[in-house]
Amino acid sequence: MDLAFHNFTINPVGLAGTAARQYIAQVHEHLRWIHRTTSGRILLNVIRRPTFPVEIRPYAGADCNAMGGGEFKTPGNLSGFVEYSPGTFSRHGACSALPAGQDRGRIWDEILFHELVHVFRNATRKWDAATPLSFAMRHYNNNEEFIAVLCTNIYVSDRTNRIKSGLRKGHIDYSAMDPLDATRFGLFLSSRNAFALVKKFCDDNPIFTKALSDKLPDIVYNPIADYYRYPKFCEALSVFGAMKDRMALSKSLTSLGVPKPFVDWIVSAVM
Ligand SMILES: [Zn+2]
């Protein structure tokens, strides 16, 4: 992967000597893994802009995390950044303390791909974390995390990506997606807003989403391809999604000890 061609810089901020050289080599290697896949090349190509440099630098926190998005290093000039440290996700890094099973979407390149989706949404000036999620989608945290998790799950399903973890449920942790949600059309059945959010994402970023749909039409998980091929059917499934929202809210209120008549009243009042 040609860093200069993509307007990427790997900047080992805070590291020196061997550690700095090792950081650059590792991050470059993980970018190469992404670039070798169909979905990865699509993402890197749609980020690439002569006026939008992207800097990848070490993650400043000590927790199991990474960050990505847009920033103004000089006033008026939006650029992309990723804060990512491979060691965080290595055998003895901060993530190794997570319980068993908390490992979906947590391989180095999967983390980097997720953060690069955040960069892409900034590059195209479409960043929108405010559009609300419906209740049964709250494990995605917000619209941008939903988009990043959705795209990374497509990357995980991409057959040209050979070393992978598995489908990730949401954004609150690294647990596995429920089997029902992982089935074809499962996303559109899972919550009322799922269709509307996928539609908005496809309207926002048609080049990227159509490429994911056209180049990866028959992989095990690709709700974007299903949206483009069967939009009316996907939309109709929102009705079942709304039922899932009501069931999820009811279950959540019941677990808090709210008496059943109140649960029924709240669910009918807000949904
Ligand atoms: Zn994210």
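**Exercise 1. Is the site of the zinc ion in this predicted model tetrahedral or irregular, and what angles do its 4 donor atoms make?**

Solution. Begin with the donors: the zinc ion is coordinated by NE2 of His114, NE2 of His118 and two OE contacts from Glu145, at 2.0 to 2.8 Å. Next take the angles among these 4 donor atoms, which run from 51 to 144°. Four donors count as tetrahedral if all angles lie between 85 and 135 degrees, and with its angles of 51 to 144° the site is irregular.

**Exercise 2. Work out how the donor residues of the zinc ion are spaced in sequence, and which helices hold histidine 114 and glutamate 145.**

Solution. The spacing of the donor residues reads H-x3-H-x26-E. Histidine 114 belongs to helix H3 (residues 108-123), whereas glutamate 145 belongs to helix H4 (residues 143-157), and therefore the pair ties together parts that are 31 residues apart in sequence. As a last step, look at the accessibility of the pair: histidine 114 and glutamate 145 are both buried.

**Exercise 3. Compare the expected span of helix H11 with the distance between its end C-alpha atoms, and then find where its buried residues lie.**

Solution. Helix H11 (residues 238-255) has 18 residues, which at 1.5 Å a residue should span 26 Å, and this agrees with the 25 Å that separates its end C-alpha atoms. Its buried residues are Ser238, Gly241, Ala242, Asp245, Ala248, Leu249 and Leu253. Viewed down the axis of H11, these buried residues fall within an arc of 125°, so they line one face of the helix. They pack against helix H6 (186-190), helix H7 (194-204), helix H10 (231-236) and helix H12 (260-270). On the face turned away from the buried side, H11 carries the exposed residues Val239, Met247, Lys251 and Ser255. Just after H11 comes glycine 257, which takes a positive phi of about 90°.

**Exercise 4. Determine which strands are joined to strand E2 by bridges, and whether the residues on its two faces are buried or exposed.**

Solution. Take strand E1 (residues 8-10) to begin with: 3 bridges join E1 to E2, and the two run parallel. Within this pairing, threonine 9 has glutamate 55 of E2 as its bridge partner. Then turn to strand E4 (residues 77-83), which is joined to E2 by 4 bridges and also runs parallel to E2; here arginine 57 has glutamate 83 of E4 as its bridge partner. Finally, consider the two faces of E2 (residues 54-57): Val54 and Ile56 lie on one side, Glu55 and Arg57 lie on the other, and all of them are buried, which leaves both faces covered.

Methods. Residues numbered from 1 in each chain as written. Predicted model: local features only at pLDDT ≥ 70, side-chain atom pairs only at ≥ 80, totals over all residues. Heavy atoms only, no water. Donors = N, O, S within 2.8 Å, 3.2 Å for Na, K, Ca; no water. Tetrahedral: all angles 85-135°; square planar, octahedral: opposite > 155°, others 65-115°. Buried < 20%, exposed > 50% of the residue type's maximum accessible area, 1.4 Å probe, protein only. Expected span 1.5 Å × (residues − 1). Arc of directions from axis to C-beta. Contact = heavy atoms within 4.5 Å. Pairing = 2+ DSSP bridges.
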